[in-house]
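Work through the exercises below with the sequence and the structure open beside you. Try each task before you read its solution.

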Amino acid sequence: MKNRFYLLAVICLTAALNAVASDFTNQEPLKLSVPEIEPRLVTVDNANLRGSYTPTVTPTTFGDFSFFKTKTTPGVKPYKVMDDLSFVGIPLFAAGWAIKGDKAMFAQNNKSKKANTQLLTDFKTGIDDYTQYFGPMMTVGLKLAGVEGRSDWPRLLASAAMSYGIMAGFVNGIKYTAKEMRPDGSSANSWPSGHTATAFVGASLLHKEYGLTRSPWYSVAGYGVATATGVMRILNNRHWISDVMSGAGIGIMSTELGYALSDVLFKGKGLLRNNLELDSENPSFFSISMGLGLGSKDIDFDYEGLENKERYSEELYDLSEEDRVQFRAATVVDAEGAYFFNKYVGIGGRLRVRAMSAKSFGQYADITSEDNDAAWFFLVDNPFEKAHDLYEEQEPLDIDAVNKNGAAVTNMGGIVQSDHLTEFTASAGLYLNLPLNEHFSLGTKLLVGRSINQDLEIDGYAEGYVKDANYGMVITNNELTFLGINQPDGVKNADGTYKTYKEEWDYLNISADNSTSWGTGLSLTYRYKSNFSWRLFCDYDYTKKKYTMTVDPFYYLKSALGENLYSLVSNPKTADYYAILSPLVYKKEKKMNYFTIGMSFLVNF
């Protein structure tokens with residue numbers, strides 16, 4: 001039975017296989033077909049994206065080196081000239097022009113032989129020669145790296161070329177017409193600052209290409225470095241604050257005009273990205289500012305503030321009005337930010353640097369004279385006069401005899417280590433905002449903070465031949481009797497040459513204690529893009545400072561005089577002016593009222 005069942009199963013399976021195989025004997029071989037794929041740009045509908053900007057899907061590349069190939073992204077809105085043009089450079093330029101008369105040239109500096117300046121600062125940095133190109137370097141670097149900005153290469157290069165060309169025409173045309181002398185007296189082409197104008201053209205390029213289309217922090221970086229460039233030009237003693245403010249205005253205006261011309265010439269061609277748009281009306285912001293500081297501009301140290309004044313004659317050491325330490329208008333730079341809970345109220349803080357450059361040190365600035373021996377003989381001659389009175393056979397001091405083997409002072413002058421009294425203030429408090437319409441708003445603030453100061457410092461230098469003299473005197477019952485004194489002469493070295501000295505020391509220092517600062521202000525903000533604004537402001541700050549001025553004009557005598565002669569001029573029995581061999585220390589408590597007018601660049605978030 002089982003055998004029959006197995007036989008039947010085999011017969012059925014064989015028949016089935018033959019039937020299936022016969023079904024495919026007349027079929028064509030299997031062929032695979034590949035559908036055609038056409039690459040194209042498509043839009044992505046994403047309701048979660050903020051604003052009206054619609055990103056496009058583009059092929060990813062390592063870098064963009066197609067310098068002469070025109071590309072245009074479909075759907076990018078062409079720019080309208082008047083809608084995209086900002087006029088903020090005009091008030092900046094006008095502010096610099098208005099204050100450029102606030103200059104007071106120093107007198108001559110004997111050490112540097114400059115005819116226009118007396119005390120040249122030793123602060124020097126070459127960083128500003130490089131930071132002026134930060135904007136274009138960043139823009140080109142991002143472009144080469146394949147980071148898409150506002151324009152393709154032809155449009156970007158044309159916009160940049162026209163911006164720099166307009167800037168160069170304005171700057172050079174004004175420089176060689178106005179002929180303003182630089183603060184260091186090197187040349188008469190100070191106003192406006194070319195470095196600052198170049199830096200702000202570059203910052204505006206970065207702002208236009210990437211700040212407006214990618215991230216506002218590109219703009220913050222560009223304008224921050226440009227502002228630092230302008231400040232360094234002032235600290236380098238190469239420009240006045242008026243030069244820097246006008247240069248910044250020209251740089252911004254030139255870029256605005258360069259891009260406006262590109263918008264007219266290229267229209268919609270060569271545009272790759274739309275501007276970013278924010279729907280929020282919240283006035284929260286971060287800003288960088290440059291301003292002009294007005295208000296308290298002198299510190300009048302007087303006899304009442306002189307330490308140990310019983311040692312000094314009031315007639316000689318009561319400073320007159322001409323001896324005040326006076327300052328020019330201050331350079332002010334801010335970083336400020338605030339978070340608003342609604343349209344009207346917020347909290348925030350401000351970091352402010354205020355640098356007031358000195359334009360007068362009164363009698364203390366005049367540490368050079370036609371006769372550099374004047375100070376030396378002023379001190380040394382006094383004991384000789386007293387010796388002459390007490391010892392009739394004593395001859396008066398003979399200057400020619402003293403100098404026959406080398407002058408006591410061959411060179412003397414001052415080196416400014418810091419000619420700015422710089423104040424750093426960190427403040428925090430309440431910010432208020434009043435919207436006027438879609439673009440304009442008024443603002444105010446109430447701040448409290450802490451103020452610290454960097455010293456103003458001048459070093460003195462003197463060199464010449466060491467002088468000494470032999471003398472004899474007897475003091476009995478507090479009575480002085482001279483036994484004779486010979487004319488000072490040069491001190492010899494072991495090899496027979498005359499000994500020289502060269503001394504450099506802290507000649508003058510003005511410092512201030514830390515203090516509490518109170519601040520307020522009014523501002524007008526123009527929101528020209530959804531996330532960018534420009535602001536004109538006028539701030540008021542108050543602080544009460546305790547200033548100390550230390551003057552040490554005759555420190556060099558410790559090296560210039562031999563042991564015998566120095567003991568004579570420093571002895572109160574023989575030298576009426578012995579006290580001034582020690583440093584003079586004046587103290588002054590002063591209420592400082594500061595006003596600052598300026599302009600801010602804001603990023604709204």
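The exercises that follow deal with salt bridges and with the confidence of the model.

This is a predicted model, in which local features need pLDDT of at least 70 and side-chain atom pairs count only at pLDDT 80 or more, while totals for chains, interfaces and linings use all residues. Residues are numbered from 1 along each chain as its sequence is written, and side-chain values use heavy atoms, with hydrogens and water left out.

**Exercise 1.** Find where Arg150 and Asp263 lie, and state what their salt bridge ties together.

Solution. Begin with the term itself: a salt bridge is a side-chain nitrogen of Lys or Arg within 4 Å of a carboxyl oxygen of Asp or Glu. A search of the whole structure finds 16 of them, and one joins Arg150 to Asp263, whose closest N and O atoms are 3.5 Å apart. Arg150 lies in the loop between helix 5 (134-144) and helix 6 (153-178), whereas Asp263 belongs to helix 9 (residues 241-266), so the pair ties together parts that are 113 residues apart in sequence. Helices (H or I, at least four residues) and strands (E, at least two) are DSSP runs, numbered from the N terminus. Finally, both Arg150 and Asp263 are buried, which here stands for under 20% relative accessible area, with exposed being over 50% and partly exposed in between (1.4 Å probe, protein chains only).

**Exercise 2.** Examine the pairs Asp541 with Arg352 and Glu589 with Lys544, and decide for each residue whether it is buried or partly exposed.

Solution. In the pair of Asp541 and Arg352, the N to O distance is 2.7 Å. Asp541 sits in strand 16 (residues 532-551) and Arg352 in strand 5 (residues 345-360), so this bridge connects parts 189 residues apart in sequence. Asp541 and Arg352 are both buried. Turning to Glu589 and Lys544, the N to O distance is 3.6 Å; Glu589 is in strand 17 (residues 584-604) and Lys544 in strand 16, so the parts tied together are 45 residues apart in sequence. Glu589 is partly exposed, at a relative accessible area of 45%, and Lys544 is partly exposed as well, at 42%.

**Exercise 3.** Identify which element has the lowest mean pLDDT and which the highest.

Solution. Recall that pLDDT is the predictor's confidence in each residue, from 0 to 100. The protein chain averages 80, and 76% of the residues score at least 70. Among its elements, helix 1 (residues 2-22) has the lowest mean, 43, and helix 7 (residues 194-211) the highest, 96. Where pLDDT is low, the predicted coordinates should not be read in detail.
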